[in-house]
Amino acid sequence: MSVQLIDVSHIYAQGTPFEFAALKDIHFSIEKDEFIGIIGHTGSGKSTLIQHLNGLLTPTQGSVLVDGVEMSGAKGDKLALRRKVGLVFQYAEHQLFEETIYKDIAFGPKNLGLTEEEIENRVKDAMEVVGLDFDTYKERSPFELSGGQMRRVAIAGVLSMKPEILILDEPTAGLDPYGKEDILRSINQLHEKQQTTVVLVSHNMDEVATLADRVIVMSKGQILMDAPPAEVFTQVEKLDEIGLSAPDILYLMRALKKAGLDVDDKIFMPEEAKEDILRALKSGEGKPCLKI
Amino acid sequence: MQKAIEIKNLQYKYDRDEEEITAIYDLSLDIYEGEFVGIIGHNGSGKSTLAKLINGIIMPTKGDIFVYGMNTKDENMIWEIRQKAGIVFQNPDNQIVATIVEEDVAFGPENLGVEPSEIRKRVDEALEKVRMSEFKDRKPHQLSGGQKQRIAIAGILAMEPRCIIFDEATAMLDPSGREEVLACIKQLNKENNTTVVYITHYMEEIVEADRVVVLNQGDILMQGTPKEVFARVEELQSVFLDVPNITNLAHQLKKEGLAIPEGILTVDELVKNLCPSS
Amino acid sequence: MFKDITIGQYYPVQSKIHDLDPRTKIVYTFVYIIILFFANNYVGYALGVAFLGFLIAMSNIPLKFVFKSVKAILIIILITVILNVFVTPGNVLLRIGALKVTDAGLINAAFMAIRLTLLIIGTSLMTLTTSPIALTDGMEYCMKVIPGVRSYAHELSMMMTIALRFIPTLMEEADKIMKAQKARGADFETGGILKKAKNIVPILVPLFIGSFKRADELAMAMEARCYRGGNNRTRLYELEYDKNDKIAYIITAVMVAMIIASRFLPLMRIPIQ
C-alpha cells in the first residue's frame with residue numbers, strides 16, 4: 001500500500017491567539033517496502049506529521065490518500081486506516097494498562113474483532129519479533145518488567161495489529177545502549193523478513209544512517225530534504241544550519257581529506273570508513289600520513 | 001585535596017517480591033572537591049541507586065557514605081547533607097514543584113528557612129548561572145526539556161551546594177537539549193568549582209571528565225581518566241556499554257596494525273594520529 | 001495543544017482589583033456572601049449590586065466573562081424562582097389550576113434570583129482576578145488564622161500548588177495515551193454509555209500508573225531539596241498589604257455598615273425566610 005500527503009498543512013488552535021502552524025504544505029508519499037527515517041528538532045513538526053499518516057490528526061488543508069483513496073475529512077474510514085498503519089508513540093510503555101502482557105498485546109487484535117485463535121497467533125508472532133518468550137512472559141504483569149522490556153511489549157502491542165506500515169516515534173529514547181540495539185534489531189528484522197514498510201522518527205543520526213534507505217529532514221513544519229542517506233548526510237552545512245549534526249564518522253572523513261589523506265569524504269558508516277582509511281593509507285605516497 | 005564524598009565498603013540490598021536483590025556489592029570510592037567524575041554503567045548496574053544513597057534518600061545495608069565528613073546515617077545531619085550535595089534527577093517534569101519558574105528555584109532555600117531577601121538574591125544568581133533569567137516568570141510546562149532541566153539545576157544551585165549529583169539528567173532530552181544542559185554543567189564545574197558526579201549511559205558526555213568510573217552489577221569494573229577507560233574497548237562492550245564511534249573506529253584501525261594509541265576520543269585526535277605531519 | 005489553556009477562570013489583565021492582596025479579596029468575598037443575607041429590602045439589594053458593579057468596573061474584565069459564570073447555574077436560579085413564585089403565601093394575583101401566584105411570591109422570587117446571581121458573580125470575580133497560585137497563597141495565610149485548620153494550612157496549599165502544577169502535564173499525557181490507544185484500534189466515540197465507560201479503562205489505568213510514578217519521583221525530588229513540611233519554612237514572596245488593600249478593607253466596612261443600616265429603613269419589608 002502507499003500513503004500520499006498532498007499539500008498538507010496543519011494549524012493548531014486555529015482562530016485563537018495561540019494559533020500555531022505545525023505543518024506547512026507537506027507533500028510526500030510512502031511506497032511499499034521503504035524504510036524511511038525522519039529527523040528534525042523537537043517542534044519541527046515530526047510528531048504532527050506522523051499522526052496524519054494514520055488519521056489521528058486530519059489536515060487543516062490538503063489531503064491524505066491511501067492507495068489513492070481520500071482518507072482525510074469526515075468520509076475517510078479512519079479505523080481501516082489505523083488497521084493498516086501502526087503507530088508506536090514516544091515512551092510507548094506509558095500506554096500499557098492490562099494485567100498481563102498477553103492481554104495488553106491482544107488489545108489491538110481484539111478491537112479488530114478477530115477470533116481467539118487468531119489473536120493468540122498474533123500475540124505469539126508479535127512477541128517473537130520483539131524477542132520476548134511467549135510462555136515465560138504471557139502471564140506476567142507488564143509493570144514488573146524493566147524499562148526496555150516494557151517498551152518492547154508496547155511495540156508488540158502495535159505489531160499485533162499486523163500493520164502494513166509501521167511508524168515509530170523515537171523508539172529508543174531513554175533506553176541504555178543494550179536496550180537500544182535490541183529494539184533496532186527487531187525493527188530491522190521486521191522490515192527485511194516481513195517486508196513491513198517502516199517510518200522511523202529519530203534524533204539519532206547514526207540510527208537513521210544505518211537503517212533507513214530514505215531520509216526526510218524536517219525543520220519548522222516543512223520538509224527540508226528528502227533523499228537517500230548518503231545525499232542528506234553529506235550536506236553537512238545545511239544540517240548544521242538547522243542545528244542538526246551529521247554522523248561523526250562523516251566529520252572525520254572530511255577532516256582526513258583536508259589533512260591530505262585521499263579518502264572518500266561521503267562515507268558515514270564506521271565499517272566503510274575503516275576500509276577506506278586503510279585503502280588510502282596503503283596507497284598513500286609522500287602524504288603527511290601514516291604509512292603502512 | 002578535600003574529600004567531597006567518601007564511600008566505604010558500601011553494600012545495598014532490597015527486597016522485591018520476597019526476593020533479595022543486591023544492587024551494590026562492596027563499593028569504595030572517593031570523590032574530591034572540584035572534581036568532575038563520570039559514572040557510567042548500563043541499566044541495573046547500580047548507578048542510580050548510588051545517587052540516592054549519597055543523598056541519604058536510601059540507607060546503606062552495610063558500609064558508610066560520608067558527604068563532607070557527615071555520615072548519611074546520621075539523622076541530625078541529613079538536611080545539611082542534602083544541602084551540600086544536591087541531586088538532579090532524570091525526568092524534568094517530575095522534579096519541578098512550583099507553577100512559576102522563579103518560585104520553583106526558590107523552593108530549596110525556602111525549605112532551608114533562608115531570609116526572603118537572601119532567597120531573592122540566590123534565585124536571581126542561580127537563574128543567571130543557568131542562563132534562564134529571562135524565563136523567571138514563565139510556567140514550567142511552557143519550557144522545553146533542556147530548559148526545564150536547567151531550571152532544576154538552578155533549583156539546586158539556590159541551595160548553595162558544593163557538590164551536585166546528576167542522575168541521568170540528560171537521558172530524556174533531545175540532542176540540542178542534552179548539549180545545552182551538559183554545557184551548563186561543565187561551566188558550573190569550571191567557574192563555580194562545584195564538584196560534579198555525572199551519572200549517565202552516554203559515553204560521549206564524559207570524555208572531558210576528570211575521572212570515569214565504570215559500574216557493572218553493583219561493583220566498580222574500572223576507573224581512570226577517560227583515555228585510560230575508553231582504551232579498553234572490548235571490556236566496555238562486554239558489559240553492554242557503547243563506545244563512541246570515533247574511539248571504536250580508532251580501536252579497529254589499531255587492530256589492523258596501525259601505529260596509533262588506544263583511547264582516542266575525538267575526531268581531531270584521530271586525524272592528528274593518522275596524519276601526524278599535516 | 002493543551003499548553004496554553006489557562007487553568008481555572010483567571011482572566012489575566014492589569015487592574016487595581018488584580019493587584020490587591022489575595023487575602024483582601026478572599027476576606028471581601030466571604031464578607032460579601034454573608035452580608036447579602038442581611039439585605040432584606042430593595043435598598044439593601046441595590047447597595048449589593050452597586051458595590052459589585054463598582055468592583056467589576058474596576059477589574060477591567062469584560063461583562064461577558066463575568067456573566068459566563070451565571071450561565072452555569074441558570075437552571076438552579078430558574079428552579080428557585082419558580083418555587084418561590086408558587087409556594088410563598090400572600091395576596092393571590094393569579095390562579096393556574098391548583099397553583100397560586102402571590103404578590104409576595106413574585107417579590108421573593110425576584111430577590112432570590114438577584115441574591116443568587118450576586119453570590120455567583122461575587123465569588124467568580126475573585127477567581128477571575130486572582131491567579132490560582134495567588135489564591136492558594138492567600139488561602140494558606142487565611143487558614144493560618146483559623147484555629148483547628150491552622151496546622152494543615154501549609155500542607156493543603158502545597159497540595160493545591162502541586163495539583164495546579166501538574167494539571168497541564170496530565171492533560172497532555174491523557175491526550176497522548178488516548179491517541180496511542182486509538183492507534184491500536186480503540187474506539188471512544190460509538191456505543192452506549194456503558195460501553196463508553198468501559199472503553200475509558202485503557203486511558204485511565206495508564207494515566208493513574210503514570211501519576212503514581214510521578215508522585216513517587218516528585219516526593220523524592222522534594223525530599224532531596226530539603227522539604228520537611230511547613231515548619232521553619234520561609235517564602236520568596238511574603239504577602240504584604242499595601243495602601244490599596246487598606247482602602248479595600250475600608251470600602252468593605254462601609255458596605256457592611258450600609259447594608260446593615262438599610263435593614264432599618266422604614267420601607268416595605270419583604271418576607272424573606
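Select B:Asp167 first: its bridge partner in strand β8 of chain B is B:Ile199. The model is predicted; local features need pLDDT of at least 70, side-chain atom pairs count only at pLDDT 80 or more, and totals for chains, interfaces and linings use all residues. Residues are numbered from 1 along each chain as its sequence is written, chains are lettered from A and ligands numbered from 1 in the order written, and side-chain values use heavy atoms, without hydrogens and water.

Next, display β7 (163–167) and β8 (195–200) of chain B, which run parallel and are joined by five bridges. Strands (E, at least two residues) and helices (H or I, at least four) are DSSP runs numbered from the N terminus; two strands pair if DSSP finds at least two bridges between them.

Widen the selection to the open, mixed sheet of six strands in chain B, ordered β6-β7-β8-β3-β9-β10. At its edges lie β6 (85–88) and β10 (219–224), each pairing on one side only. From one strand to the next, the twist averages 20°.

Add helix α5 (145–157) of chain B, which packs on the sheet and touches β6 and β7 of chain B (contact: heavy atoms within 4.5 Å); its direction makes about 165° with that of β6(B). Axes are lines fitted to C-alpha atoms, for helices over the stretch in contact, and angles run from 0 to 180 degrees between N-to-C directions.

Now move to chain C and select α3(C). Its buried residues (under 20% relative accessible area, 1.4 Å probe, protein chains only) include C:Tyr45, C:Phe51 and C:Ile56. What covers the buried residues of α3(C) includes α6 (103–129) and α11 (243–262) of chain C. Finish at C:Asn60, just after α3(C), where phi is positive at about 60°.

Conventions
Buried < 20%, exposed > 50% of the residue type's maximum accessible area, 1.4 Å probe, protein only.
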